Amino acid sequence: MRLALGIEYDGSGFSGWQRLSVAGSQVRDGSLQTALEIALSRVANAPITTVCAGRTDAGVHGLCQVVHFDTDVVRDTRAWQLGITSNLPRGMSVRWCVPVADDFSARFSARARRYRYTLFSRITRPALMGQYLSWERMPLDGQAMHQAAQALRGLQDFSAFRSSQCQAKHARRDLQRIDVRQQGDETIVEVQANAFLHHMVRNIVGSLLCVGRGEQPREWIAQLLAGRDRGVAGPTAPSAGLLFLGPCYPPEWGLPPEVCGDPANV
């Protein structure tokens with residue numbers, strides 16, 4: 001049978017999602033995927049490998065990463081959820097476990113992925129929740145950042161916001177939504193797209209910061225997009241402020257509401 005899991009994690013101290021060792025080797029390599037597969041294999045008493053909705057980098061957090069795995073072991077979903085979580089590091093937890101159809105893929109069945117980046121603007125660093133924030137000493141113009149970001153919407157070439165280490169075959173992505181809002185000392189950037197390039201969100205935020213600080217005009221983001229030159233865009237924003245909210249699947253897969261629905265309306 002095939003099961004899907006919703007995983008939340010604090011990415012601090014992990015090397016990122018992707019397993020660095022050979023599948024099934026049970027070698028601890030510091031990745032989130034390896035930690036999960038070791039926990040799963042203990043519960044199943046057999047080697048288990050997983051497929052995720054979207055890989056995250058070192059230091060990036062996850063609210064609801066979705067994975068699937070196949071097993072012949074019969075357990076009820078509550079036993080899977082509790083058993084896996086009890087074998088995970090404290091920075092990881094299973095939110096839910098549901099049976100899915102054999103043709104479901106955590107990666108290929110997803111129609112969108114969503115991220116949130118949180119900036120904290122104050123002259124002194126935050127003492128609480130600092131691992132989930134990116135500290136900015138100067139105030140930011142969130143309205144200017146939001147207006148500038150709208151140029152990124154739609155199916156476009158995001159070469160200007162693509163890491164040099166990106167292994168994707170092309171840079172075209174459908175950015176369905178991007179919003180910037182301010183809440184007290186926080187400036188929050190939320191992005192939804194069909195898929196993302198390596199460091200794409202952090203590179204977009206790094207360039208939007210140049211607008212928010214008043215270093216570049218709002219039109220600069222559109223110029224960067226059109227120029228397709230990563231070398232002239234803003235720096236990559238730190239990983240700590242980035243949270244993978246989760247993927248979005250069509251309703252027919254029967255997944256929990258937090259990852260299920262029309263991507264255009266999420």
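I took buried to mean under 20% relative accessible area, and with that cut-off I opened the notebook on glycine 234, which at a relative accessible area of 3% is buried. The model I am reading is a predicted one, and I keep that in mind for every entry below.

**Entry: glycine 234**

I located glycine 234 in the loop between α5 and β10 (242-248). Setting aside residues up to four places away in sequence, I found that glycine 234 touches Gly206, Ser207, Cys210 and Trp220. I also looked up its separation from arginine 2: the two are 232 residues apart in sequence, and their C-alpha atoms are 42 Å apart in space. In the loop between α5 and β10 I noted arginine 228 as well, whose phi is near 60°, a positive value in a residue other than glycine.

**Entry: helix α4 and its partner α5**

I then turned to helix α4, residues 200-212, and checked its length: at 1.5 Å a residue its 13 residues should span 18 Å, and the end C-alpha atoms are 18 Å apart, which agrees. All of the helix is covered, since 13 of the 13 residues of α4 are buried, so I read α4 as largely enclosed by the rest of the structure. After α4 comes glycine 214, for which I noted a positive phi near 85°.

Two packed helices are described by the angle between their axes and the distance between the axes. For α4 and helix α5 (residues 220-227), I recorded axes that come within 10 Å and cross at roughly 145°. On the α4 side of this contact I listed Ser207, Leu208, Cys210 and Val211, which meet Trp220, Ile221 and Leu224 of α5. Sorted by kind, the residues of the contact of α4 with α5 are six nonpolar, one polar and no charged.

**Entry: the nonpolar cores**

Which residues have the most contacts inside the largest nonpolar core? I found Leu5, Leu36, Trp80, Ile84 and Leu208 in that role, in a core of 63 residues. The element that gives the most to this core is α4, with eight residues. There is also a second, separate core of 13 residues, and I noted Ala4, Tyr249, Leu255 and Val259 among its members.

I followed leucine 36 further and, leaving aside neighbours within four places in sequence, I found leucine 36 in contact with Leu5, Ile7, Trp17, Thr50, Val67, Ile84, Leu88 and Met92.

**Entry: strand pairing**

I began with strand β1 (residues 2-9), which is mostly covered, with seven of its eight residues buried. β1 pairs with strand β3 (residues 61-70) in the antiparallel sense over seven bridges, and in that pairing I saw glycine 6 standing opposite valine 66 of β3. β1 also pairs with strand β4 (residues 92-100), again in the antiparallel sense, over eight bridges, and here I noted valine 98 of β4 as the bridge partner of alanine 4.

Next I looked at β10, for which six of the seven residues are buried, so I read this strand as largely enclosed by the rest of the structure. β3 and β10 run parallel and are joined by two bridges, with phenylalanine 244 of β10 as the bridge partner of glycine 62. β5 and β10 run antiparallel and are joined by six bridges, and there I recorded leucine 243 of β10 as the bridge partner of arginine 116.

**Entry: single residues around β5**

Is serine 121, placed in strand β5 (residues 112-121), buried or exposed? I found serine 121 buried, with a relative accessible area of 13%. Not counting residues up to four places away in sequence, serine 121 touches Glu136, Met138, Pro139, Leu140, Asp185 and Thr187.

In the loop between β4 and β5 I looked up aspartate 103, which at 57% relative accessibility counts as exposed. Leaving aside neighbours within four places in sequence, I found aspartate 103 in contact with Arg2, Ser109 and Trp253. The C-alpha atoms of aspartate 103 and glycine 16 are separated by 27 Å, with their positions 87 residues apart along the chain.

My last entry is methionine 129, in the loop between β5 and β6 (134-136). Methionine 129 is exposed, with a relative accessible area of 55%, and its phi is near 60°, a positive value in a residue other than glycine.

How values were computed. Residues numbered from 1 in each chain as written. Predicted model: local features only at pLDDT ≥ 70, side-chain atom pairs only at ≥ 80, totals over all residues. Heavy atoms only, no water. Helix = DSSP H or I, 4+ residues; strand = E, 2+ residues; numbered from the N terminus. Expected span 1.5 Å × (residues − 1). Buried < 20%, exposed > 50% of the residue type's maximum accessible area, 1.4 Å probe, protein only. Core = buried A, V, L, I, M, F, W, Y, C linked by side-chain atoms within 4.5 Å. Contact = heavy atoms within 4.5 Å. Pairing = 2+ DSSP bridges. Axes fitted to C-alpha atoms, helices over the stretch in contact; angles between N-to-C directions. Nonpolar A, V, L, I, M, F, W, Y, C, P; charged D, E, K, R; others polar.
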